[in-house]
Number of protein chains: 2
Amino acid sequence: MPKLGMEPIRRAALVKATIAEIGVAGSLDVTVSQIARRAGMSSALAHHYFGGKDQIFLAAMRHIMTVYGAEARGALAMADGPRARAEAIIRAGFTTTNFRRDVVAAWLNFYVLAQSSPAARRLLTLYQRRLQSNLIHALRPLAGDRAADIATRLAALIDGMYLHAALGVHLPDTGMATHHLLTLLDIELKVAG
Amino acid sequence: MPKLGMEPIRRAALVKATIAEIGVAGSLDVTVSQIARRAGMSSALAHHYFGGKDQIFLAAMRHIMTVYGAEARGALAMADGPRARAEAIIRAGFTTTNFRRDVVAAWLNFYVLAQSSPAARRLLTLYQRRLQSNLIHALRPLAGDRAADIATRLAALIDGMYLHAALGVHLPDTGMATHHLLTLLDIELKVAG
DNA sequence: GTTTCTTGATTGACGAGTCAATAAAAACGC
DNA sequence: GCGTTTTTATTGACTCGTCAATCAAGAAAC
């Protein structure tokens, strides 16, 4: 009963299932069969649409980054003034979406993958550049020459705080994480040079 | 040609080889045979001494943390005064040792593992608590009540900056990373509250 | 002759990727 | 409209490789 135009539906289902399975396993040690089963199809079909395991993973990562990017862009569009823009960027990193178990697992494994997979590395670099550039843009009117330096620290603290929130001693506390980021922003802007 | 008392030697060789192989692969997708070959023995012997793959990995991670802990303690012992103690802790995180490809790979994979392996999680928690506690101790005389908060940000920035330095756009620059950390320390202490 | 060390060979399981075959829809020829 | 062919969707079965773990057996030290 093949219905036409299934490709995008199947691909989306596979991407979603991949992220879910990574979340369950905590790692990329996930079989194509598991993914396909969760997505309601045979493993052969998964291969048919994606070609191979690697490409399924990459598509999943790309999807996560796309969603994240969209969220960030949305928040940025609503922000009024430089300070609000900086805050929007910070808050976008600590939404509940980003702290879902499967999303955290995907990110951590993505870092691992970025060491050996050029494609993953490119994607990560893209994310980093975009974050950095957004931050600098927002900070320029507030900090002038110091914008780049501050942006570097903010970007690093975002990722570090994310790591701590996700793997820390306590349960993930997005409020605390955001608070620390905003505090850093405050004191960076308060200090003259 | 069995010589007696080989066990500690073999174990050490296997731990070293494991870290090296993780560095080459960038992931934990390393076979016991590869590790054993690099360590100059058969895979059967690796199983004989460690019991299984998981235990070999955990031993390797424990070794990395032990070395790191020793370095940190050494630097801390030589530090004179609170400010120097804080700096010592920061600098210990950015030694060239810590930026060796294999060590970075081990750490990243360790984060991944910490999601699903209770043993790895415990080890990570231990590291985090120790870092936090060391920082608070050093900062207390300098910042009083704010010590804990500052320590949290410093700890997160250490890990975040490590991530960026290891996986960033540019080559790892330990000097820059350290500089940003010390800058944060500076401005945190400069701001009243 | 018992303990320690060591390995080659083997087992058993699992998993990525392929392929031939089936089936429905669409397009085509008339 | 109605056969026919082509395209799209789909899977079960299979291949081929890999790898963790085991084991029996050999060799050196004590």
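**Exercise 1. Determine which residue of chain A comes closest to the rotation axis, and establish how chains A and B are related.**

Solution. Among the residues of chain A, A:Gly160 comes closest to the rotation axis, its C-alpha atom being at 1.8 Å. The model is a predicted one, in which local features need pLDDT of at least 70 and side-chain atom pairs count only at pLDDT 80 or more, while totals for chains, interfaces and linings use all residues. Residues are numbered from 1 along each chain as its sequence is written, and chains are lettered from A and ligands numbered from 1 in the order in which they are written.

For the relation itself, a turn of 180° with a shift of 0.0 Å along the axis lays chain A on chain B with an RMSD of 0.1 Å, the superposition being by least squares on the C-alpha atoms of residues with pLDDT of at least 70 in both copies. This is therefore the relation of a two-fold axis.

**Exercise 2. Describe the contact between the chains, and state which element of chain A gives the most to it.**

Solution. Begin with the totals: chain A contributes 34 residues and chain B 33 residues, where two residues are in contact if their C-beta atoms, placed from the backbone, lie within 7 Å. On the side of chain A that touches chain B, two or more residues come from each of α6 (101–116), α7 (118–143), α8 and α9 (174–190) of chain A, the helices being DSSP runs (H or I, at least four residues) numbered from the N terminus. Of these, α8(A) gives the most, with 12 residues.

Next, by class, this side of chain A divides into 17 nonpolar, 12 polar and five charged residues; Ala, Val, Leu, Ile, Met, Phe, Trp, Tyr, Cys and Pro count as nonpolar, Asp, Glu, Lys and Arg as charged, and the others, Gly among them, as polar. Finally, because 97% of the interface residues of chain A are also interface residues in chain B, the copies meet through the same surface.

**Exercise 3. Find which residues touch the most other members of the largest nonpolar core, and follow B:Ala106 into its surroundings.**

Solution. The largest nonpolar core has 121 residues, of which A:Ala106, A:Leu154, B:Ala106 and B:Leu154 touch the most other members. Such a core is a set of buried Ala, Val, Leu, Ile, Met, Phe, Trp, Tyr and Cys residues joined through C-beta atoms within 7 Å. Helix α8 of chain A (residues 147–167) gives the most to this core, with 14 residues.

Leaving aside neighbours within four places in sequence, B:Ala106 is in contact with B:Ile19, B:Ile22, B:Ala60, B:Met61 and B:Ile64. Where α4(B) meets α6(B), B:Ala60, B:Met61 and B:Ile64 face B:Val103, B:Ala106 and B:Phe110, and this contact has six nonpolar, no polar and no charged residues.

**Exercise 4. Decide whether B:Arg10 and B:Arg62 are buried, exposed or partly exposed.**

Solution. A residue is buried if 20 or more other C-beta atoms, placed from the backbone, lie within 10 Å of its own, exposed if 12 or fewer, and partly exposed in between. B:Arg10, in helix α1 (residues 7–25) of chain B, has 18 other C-beta atoms within 10 Å and is therefore partly exposed. B:Arg62, in helix α4 of chain B, is also partly exposed, because 14 C-beta neighbours lie inside 10 Å.
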